[in-house]
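Here is a short guided tour for anyone who would like to find their way around this protein before planning the next step at the bench. Please keep the structure open beside the text while you read.

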Amino acid sequence: MEGKCTKQTEQDIVQETENPAVLPECKIVLVGCERSGKSALMDRLARGQFNNSYNPTIGARFSACNILSTKRKQTKLNIWDLSGSKRYHALMPMYWRGAAVLVITFDTCSADSLSSADDMLLLVKEARIEGLLGKVLVGCKCDLEQDRKVSFEEGAMKAQEHGVAYIETTAKDGVNVEELFRFAVDICEGES
Ligand SMILES: Nc1nc2c(ncn2[C@@H]2O[C@H](COP(=O)(O)OP(=O)(O)OP(=O)(O)O)[C@@H](O)[C@H]2O)c(=O)[nH]1
Ligand SMILES: [Mg+2]
């Protein structure tokens, strides 16, 4: 998957599930360096909100919501948003357990951020997470075109190097956020 930063409007999110027991579930874990945009992605999807101020995640956050897959199958997404701070890195494997899809984020306005994502992709590969079905590299904040330091092509090349999918998103404008999580659900369903 390679998703450029272009607007699309379909709304297939059902906020906070009320009867989750009957639905197939998919565990997604967001990793990436500090400030790369993980929490903003989760909050945009699960709450339809964006907050410009930075509130670092302490340890991890969790959110659940229902989403339709490409084949229109409703799935409960269990999203874990991990802190990017190195202080919590030792805890990461605990959250990775049982994950179907790992989303590795970087900030398109920071070359260092892409380099951290590169390290993370290697770490995840070495961890050989049991049951993991797929990984997606995500270039965040693509609304900040004037501050961009990593081109779409560089991001896509990095993803290709690691054999993972690539997509660019903006949690601020909502572009490609739903598409990212739908892609993850499609992976869970064995469709991607
Ligand atoms: N313009 C813009 N700003 C964003 C976007 N996503 C996140 N930000 C801002 O970037 C900062 C960091 O975003 P977070 O989502 O908190 O980053 P994080 O990866 O969760 O950071 P940690 O919790 O420290 O690991 C915040 O000030 C957000 O408002 C985006 O798509 N566009
Ligand atoms: Mg966070």
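The report below goes from the overall layout to the strands, the core, the ligand shell and a few loop residues.

**Overall layout**

Please bear in mind that this is a predicted model. The protein has 5 helices and 8 strands. Read from the N terminus, these elements follow the order β-β-β-α-β-β-α-β-α-β-α-β-α. Of the 192 residues, 44% count as buried. Take the contacts between residues at least 6 apart in sequence: 76% of these join residues at least 24 apart.

**Strand E7 and its two partners**

A good place to start is strand E7, residues 134-140. Here 6 of the 7 residues are buried, so the strand is largely enclosed by the rest of the structure. On one side, strand E6 (residues 101-107) runs parallel to E7, and 7 bridges join the two. One pair to look for is Phe-106 with its bridge partner Gly-139 in E7. E6 and E7 also belong to a right-handed β-α-β unit, together with helix H3 (residues 111-127).

E7 is also joined to strand E8 (residues 165-168), again in parallel, by 4 bridges. In this pairing, Val-136 has Ala-165 of E8 as its bridge partner. The chain gets from E7 to E8 through helix H4 (residues 152-162), and this β-α-β crossover is right-handed.

**The nonpolar core**

Which residues touch the most other members of the largest nonpolar core? They are Ile-28, Val-29, Val-101, Val-136 and Ala-184, out of 49 residues in that core. Helix H5 (residues 177-188) gives the largest share of this core, with 8 residues.

Val-101 is a handy residue to click on. Leaving out residues up to four places away in sequence, Val-101 touches Ile-28, Leu-133, Gly-134, Val-136, Ala-184, Ile-187 and Cys-188. Val-136, already met as the partner of Ala-165, is thus one of the contacts of Val-101.

**Around ligand 1**

Now turn to the ligand. There are 24 residues around ligand 1, and the ones that come nearest are Ser-39, Ala-40, Tyr-54, Thr-57 and Gly-84. By type, the shell divides into 6 nonpolar, 12 polar and 6 charged residues. Its largest share, 3 residues, comes from helix H1 (residues 38-47).

Is H1 mostly covered or mostly open? Mostly covered: 8 of its 10 residues are buried. Among them are Ser-39 and Ala-40, along with the charged pair Lys-38 and Arg-44. Just after H1, Gly-48 takes a positive phi of about 65°.

**Two arginines with positive phi**

Most residues other than glycine have a negative phi. Two arginines in loops are therefore worth a look in light of that general rule. Phi of Arg-35 is near 70°, and phi of Arg-72 is near 65°; each is a positive value in a residue other than glycine. Arg-35 sits in the loop between strand E3 (25-32) and H1, while Arg-72 is in the loop between strand E4 (60-68) and strand E5 (74-82).

Their surroundings can be read from the C-beta counts. Arg-35 is partly exposed because 19 other C-beta atoms lie within 10 Å, and 20 or more would make a residue buried. Arg-72 counts as exposed because its C-beta neighbours inside 10 Å number 7, and the limit for exposed is 12 or fewer.

**Two lysines in loops**

Finally, here are two lysines that come together in space with residues from elsewhere in the sequence.

| Residue pair | Apart in sequence | C-alpha to C-alpha |
|---|---|---|
| Lys-172 and Lys-141 | 31 residues | 7.4 Å |
| Lys-4 and Cys-142 | 138 residues | 8.9 Å |

Lys-172 is in the loop between E8 and H5. With 18 other C-beta atoms within 10 Å, Lys-172 is partly exposed. Apart from its neighbours within four places in sequence, Lys-172 is in contact with Phe-50 and Asp-143.

Lys-4 belongs to the loop between strand E1 (2-3) and strand E2 (13-14). Lys-4 counts as partly exposed as well, with 13 C-beta neighbours inside 10 Å. Not counting residues up to four places away in sequence, Lys-4 touches Phe-152 and Glu-168.

Terms used:
Residues numbered from 1 in each chain as written. Chains lettered and ligands numbered in written order. Predicted model: local features only at pLDDT ≥ 70, side-chain atom pairs only at ≥ 80, totals over all residues. Near = placed C-beta within 6 Å. Nonpolar A, V, L, I, M, F, W, Y, C, P; charged D, E, K, R; others polar. Pairing = 2+ DSSP bridges. Right-handed = clockwise from strand over helix to strand, strands pointing away. Core = buried A, V, L, I, M, F, W, Y, C linked by C-beta atoms within 7 Å. Contact = placed C-beta atoms within 7 Å.
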